[in-house]
Each structure stands twice: as structure tokens, then as C-alpha cells.
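Trainee: Could you take one part of this model and walk me through it closely? I'd like to hear what sits around it and how it ties into the rest.

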Amino acid sequence: MVLNSFTAEDEVWMRAALALAQEAQAHGEVPVGAIIVQQGVKLGAGYNQPIAAHDPTAHAEIIAIREAGKTLGNYRLSGATLYATLEPCTMCAGAIIHARIKRLVFAATDPRTGAAGSVFDSLLDVRHNHRVVVQGGLLADVSANLLREFFQQRRKAPSR
């Protein structure tokens, strides 16, 4: 189910995720950030690092999920909310489902690989044994602008 009603707390956490996205950008990575919160406490956070880590799975959401699992000492993150600056891809959507994350709040949609309704309905598929509440569009313009500026700069840069 996709909802678009956000709280002031949602905005605070999304702004923190956007700060992580800026950190990714500063390291030459696609600017995506993610934070996992449960009962107002940050459990894990991450930003895109596949280039630096030489790891195609080093997406912001995966890093945040791994950190949250270590924080809780559990691979299940029941009751947690994941804030992501970009709609998750299918890999991240699968991890969200397997981690039993209760709620996903994302900023910008991803018209190429989004798995929360834009391209794929992975998180919304009723065949899964776990349901994720999906809310998209929080600070979408801020995130989309960050991504747009990153790719504009990348196109202007000389080839490596």
C-alpha cells in the first residue's frame, strides 16, 4: 500500500538520509542515503558505496540494513522504518522484505529500476509473506535535484 501522509519526524529522518546522500556524492558515488529507525532510535545508516567498496551490493539500504542487524543482534528488523532518498531497486526491496522492515519512506521515485511501484511492484506484491507499508515522495524534489546535479556533473567531467 502506498501512502503519502508524513510526520514531522519523518521529515527529520529523511533530511538525515539526504545528508548521507551528499556524503556519497562527496565520495563520487551516486547520491543515495538510507537510515533505519525504530521507536525514534537510529539503528543503522548508510550511503551508496559500490564503487569504493568494489561491491555491487553496497547500496545505501543494504549497508543500513546490515548495520541495523548488528545493532539489534538480529536479522529481523520488525517494527522498523527505512528512510531512503531514492526508491529501492529489486535487490534492496528483497532485503527489506527478508529483514521484515515494517515501513519504507522514500523520497524520489526511480523510473529506471524502482521496485516500490515505479517499474516493479516487488514491495507491493501480495505473494510475499511479509507486507511493507510504502510511502513515497517525502522531499522528493530535494533528492531528485541532488541526483540530477550529480549526473550533470558526471557528464561534464572528462572520461577516466
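Mentor: Sure. One term before we start: a contact here means heavy atoms within 4.5 Å. Also keep in mind that this is a predicted model.

Let's zoom in on helix α3, which runs over residues 60–72. That's 13 residues, and the helix reaches 18 Å from its first C-alpha to its last, close to the 18 Å expected at 1.5 Å a residue. Just after α3 comes G73, with a positive phi of about 70°.

Now look at what is tucked away. A60, E61, I62, I63, A64 and I65 are buried in α3, and so are A68 and G69 further along. The cover over those buried residues includes two strands that come before the helix in sequence, β2 (33–38) and β3 (41–47), as well as β4 (81–86) and helix α4 (90–98).

That brings us to the nonpolar core. The largest one has 31 residues, and I65 is among those with the most contacts inside it, along with I36, L77, I101, L104 and L123. Helix α3 supplies at least two residues of this core, as do β2, β4, α4 and β5 (103–108), each on its own account. There's also a second, separate core of 15 residues, which includes W13, M14, L18 and A107.

Back in the big core, try L77. Leaving out residues up to four places away in sequence, L77 touches I65, A68, G69 and L72. On the same count, L77 also touches I36 and Q38, plus A99, R100 and I101.

While you're around there, check the cysteines. A search of the whole structure finds zero disulfides. C89 is in no disulfide, and the nearest cysteine sulfur, that of C92, is 3.7 Å away. Why no bond? The 3.7 Å between the sulfurs of C92 and C89 is too far for one, since a disulfide needs the two sulfur atoms within 2.5 Å. Both residues are buried all the same: C89 has a relative accessible area of 14%, and C92 has 0%.

For a last stop, leave α3 and go to S143, which sits in helix α5 (residues 140–156). S143 counts as buried because its relative accessibility is 1%, and the cut-off for buried is under 20%. Setting aside residues up to four places away in sequence, S143 touches L18, T85, A107 and A108. You've met two of those names already: L18 and A107 are among the residues of the second core.

Methods:
Residues are numbered from 1 along each chain as its sequence is written. This is a predicted model: local features need pLDDT of at least 70, side-chain atom pairs count only at pLDDT 80 or more; totals for chains, interfaces and linings use all residues. Side-chain values use heavy atoms; hydrogens and water are left out. Helices (H or I, at least four residues) and strands (E, at least two) are DSSP runs, numbered from the N terminus. The expected span of a helix is 1.5 Å times one less than its number of residues. Buried means under 20% relative accessible area, exposed over 50%, partly exposed in between (1.4 Å probe, protein chains only). A nonpolar core is a set of buried Ala, Val, Leu, Ile, Met, Phe, Trp, Tyr and Cys residues joined through side-chain atoms within 4.5 Å.
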